[in-house]
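Student: Could you take me closely through how the helices pack against one another in this model, and then relate that packing to the nonpolar interior?

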Amino acid sequence: MPEYCRPGGLSSFPRKASLALLSAGLMSLTSLTAWAAPAAQAKPAEPKPAAASNAASAPHNSELDAPLFYQLLVGEMELRSGQPGVAYQVLLDAARRTSDEELFNRVVSIALQARAGDQALQAAKAWRDTLPKSAAAQQMTLQLLAALNRPNEAPEPLRALLALSPVDQRSGVLLSMPRLFQRAAEPKRVLAALDPVLESAAAQKETRLAARLTQARLSIAAGDTARAFSLNKDLAAEYPDSDDAMQLALELMASRPEAESLIKARLAAQPNNHALRLAYGQALVRAQRAADAAKEFRTVTQAAPQISTAWFGLGALELDMRHPQEAENALGEYLALLDKNPTPSNTAQAQNQEAAEREARQQAWLMLAQAAEMRGDLQSAEAWLIKVDSPDRMMEAQFRRASLLARQGKMSQARAIIQTQPEDSPEKLRSKLLAESQLLREAHDWQTAYEVLAKANERIQGDADMLYEQSMMAEKLGRFEEMEQLLRKVIATKADHFHAYNALGYSLAERNIRLEEARELIAKALSFVPTEPFILDSMGWVEFRLGRKAEALRLLRQSYAARPDAEIAAHLGEVLWANDQPEEARQIWQEGLKRDPKNEALLETLKRLKVAL
């Protein structure tokens with residue numbers, strides 16, 4: 001629950017309120033006297049006869065009488081003197097007397113500034129009772145009920161708000177509900193409370209789509225993804241051109257894999273729906289399915305080569321899959337399109353787009369430097385790094401420059417580049433220490449990398465990622481007991497650190513010990529990220545160690561299809577080899593070597609099995 005909505009009374013707050021906090025909302029004497037201005041002044045003046053125009057304007061008697069003026073003044077003075085409770089009561093009474101929207105809103109603000117959520121809700125309800133046709137009063141009540149975790153009271157103001165809203169705005173009201181209640185402590189109660197209202201809205205043609213989408217999203221929040229998918233499936237059939245139904249399917253993909261079939265069916269029917277295909281590709285990236293994502297981005301570049309973002313995404317994915325030449329080709333096309341079609345900066349929106357493209361250009365240069373380094377072309381890599389001048393990207397550029405020096409055997413100079421980087425913020429210090437350890441790890445200097453990380457964990461206490469990196473170096477040094485202690489410390493620090501569960505489970509499986517425990521740890525990791533290819537690879541490997549070859553083969557095929565990585569190729573090939581499928585095993589190993597000829601796991605597998613390719 002937000003702090004300002006904690007239950008409590010205004011009387012529990014300090015006698016002296018902060019003027020800095022209150023000044024933004026204080027009503028000045030000028031605004032008080034504005035109550036005397038006639039409402040007619042807002043209307044155009046009617047023409048007057050010439051004779052009348054020479055006469056002095058007749059004074060207008062204000063609707064603000066002396067007692068009301070005094071009441072408002074007393075309320076504001078009490079607030080200034082640190083008496084928000086008194087101010088609240090005085091001004092709420094004035095709001096009721098005048099039926100004024102702004103004054104009701106002022107009273108709610110006073111309660112919220114005093115962090116008195118219950119009183120804020122009381123004021124909002126008084127506002128609704130006094131002005132039942134006020135949409136603002138219904139909106140405020142809904143917002144406060146959401147913040148106070150009282151969804152059972154939400155249907156009445158929601159119905160009222162829908163009735164008061166123009167027909168073309170009612171869908172927007174419904175679609176705002178999942179976001180409004182996104183922090184609810186009990187999402188199932190939210191769904192149960194709002195479902196009858198949404199069913200009624202679904203019976204109306206104008207709000208049917210929005211109501212069903214809202215039901216689906218509230219169902220996702222409540223953990224009922226089966227119902228959400230059922231609704232999604234019906235919407236996709238009922239609204240074959242709806243982008244909203246496809247957006248819902250993209251959201252569901254992580255928890256309901258069958259939702260992907262809805263997207264594939266839509267793309268089959270609309271192959272030139274490039275926006276959907278790119279969004280689908282991004283969802284595949286989030287699911288760690290790099291190969292599948294690259295296929296979708298590549299399809300867009302072939303059908304619509306003028307879409308620059310497709311080239312950028314494809315380049316990033318090719319680099320991630322260790323295809324440096326393909327990455328360079330795609331990123332080159334991206335930069336060429338930027339140069340060919342510069343964004344004009346004559347509007348604020350265009351300026352924002354120009355800034356985004358400038359940042360993306362910096363990222364492209366860094367990726368091109370990495371691709372060139374991957375190919376062993378260190379001179380070209382440095383040429384790309386020279387172009388990077390963004391302060392936000394300088395640390396990354398310096399790391400790549402240090403990596404180039406390390407590859408040339410100049411480790412002292414490489415480390416000096418990292419060590420001289422600024423550490424004037426906790427995040428910069430953290431990035432600097434991790435960069436130095438990564439540099440040493442890539443050079444296979446496990447001991448020094450371990451020492452750097454051990455010192456880093458002394459300087460930055462309780463950093464789960466830093467502890468995890470140290471545990472990986474302990475494993476490289478054969479300190480398995482220490483590795484396990486560190487990983488369990490990571491899990492205690494961050495209970496959803498799925499990499500830690502996976503690393504510990506995989507280490508046990510690799511050493512062929514405590515295999516059932518290893519399987520449980522990897523299953524725990526998969527509960528957080530069910531489609532992560534490397535964790536599926538770990539599960540496949542432990543199943544193989546347990547003698548379950550068929551299940552191991554299924555999992556490893558799934559993992560390799562999503563991420564054709566050399567280490568996954570090593571495992572899949574070995575299971576195929578043990579399953580009397582030597583030809584396919586050789587093919588998989590050859591593919592892995594082509595992608596990463598120096599991969600240690602793959603080379604060790606081939607050496608151990610005495611396989612020559």
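**Helix pairs and nonpolar cores**

Tutor: In this predicted model, helix α19, which spans residues 308–320, and helix α21, which spans residues 348–375, have axes that come within 11 Å of each other and cross at roughly 30 degrees. Because angles under 35 degrees count as roughly parallel, α19 and α21 are therefore roughly parallel to each other. The crossing in which α19 passes α21 is left-handed. On the α19 side the contact involves Phe312, Ala316 and Leu319, and these meet Ala360, Gln363, Ala364, Met367, Gln370, Ala371 and Met374 of α21. Sorted by class, the residues in this contact of α19 with α21 are eight nonpolar and two polar, with no charged residues.

The second pair to examine is formed by helix α23 (residues 394–407) and helix α25 (residues 426–442), whose axes come within 10 Å and cross at roughly 25 degrees. By the same cut-off of 35 degrees, α23 and α25 are therefore roughly parallel to each other. Here, however, α23 passes α25 in a right-handed crossing. From α23 the contact draws on Met395, Phe399, Ala402, Ser403 and Ala406, while α25 supplies Ser431, Lys432, Ala435, Gln438, Leu439 and Glu442. By class, this contact of α23 with α25 has six nonpolar, three polar and two charged residues.

Between these two pairs it is worth pausing at one further helix. Ile386 is found in helix α22, which covers residues 378–387, and with a relative accessibility of 59% Ile386 counts as exposed, because the threshold for that class is over 50%. Ile386 lies 17 residues from Ala369 in sequence, and the C-alpha atoms of Ile386 and Ala369 are 9.6 Å apart in space. As a general matter, nonpolar side chains in soluble globular proteins tend to be buried together.

Turning to the interior, the largest nonpolar core has 68 residues, and those with the most contacts inside it are Leu439, Tyr468, Met473, Leu487, Val542 and Leu572. Leu439 has already appeared on the α25 side of the contact with α23, and it is thus a point at which that helix pair can be followed into the core. Leu487, for its part, touches Tyr468, Ser471, Met472, Ala500, Ala503 and Leu504, leaving aside residues up to four places away in sequence. A second core, separate from this one, comprises 58 residues, including Leu213, Ala259, Ala279 and Met321.

Terms used: Residues numbered from 1 in each chain as written. Predicted model: local features only at pLDDT ≥ 70, side-chain atom pairs only at ≥ 80, totals over all residues. Heavy atoms only, no water. Axes fitted to C-alpha atoms, helices over the stretch in contact; angles between N-to-C directions. Helix = DSSP H or I, 4+ residues; strand = E, 2+ residues; numbered from the N terminus. Parallel < 35°, antiparallel > 145°, perpendicular 65-115°, else oblique. Left-handed = near helix turned anticlockwise from the far one by under 90°. Contact = heavy atoms within 4.5 Å. Nonpolar A, V, L, I, M, F, W, Y, C, P; charged D, E, K, R; others polar. Buried < 20%, exposed > 50% of the residue type's maximum accessible area, 1.4 Å probe, protein only. Core = buried A, V, L, I, M, F, W, Y, C linked by side-chain atoms within 4.5 Å.
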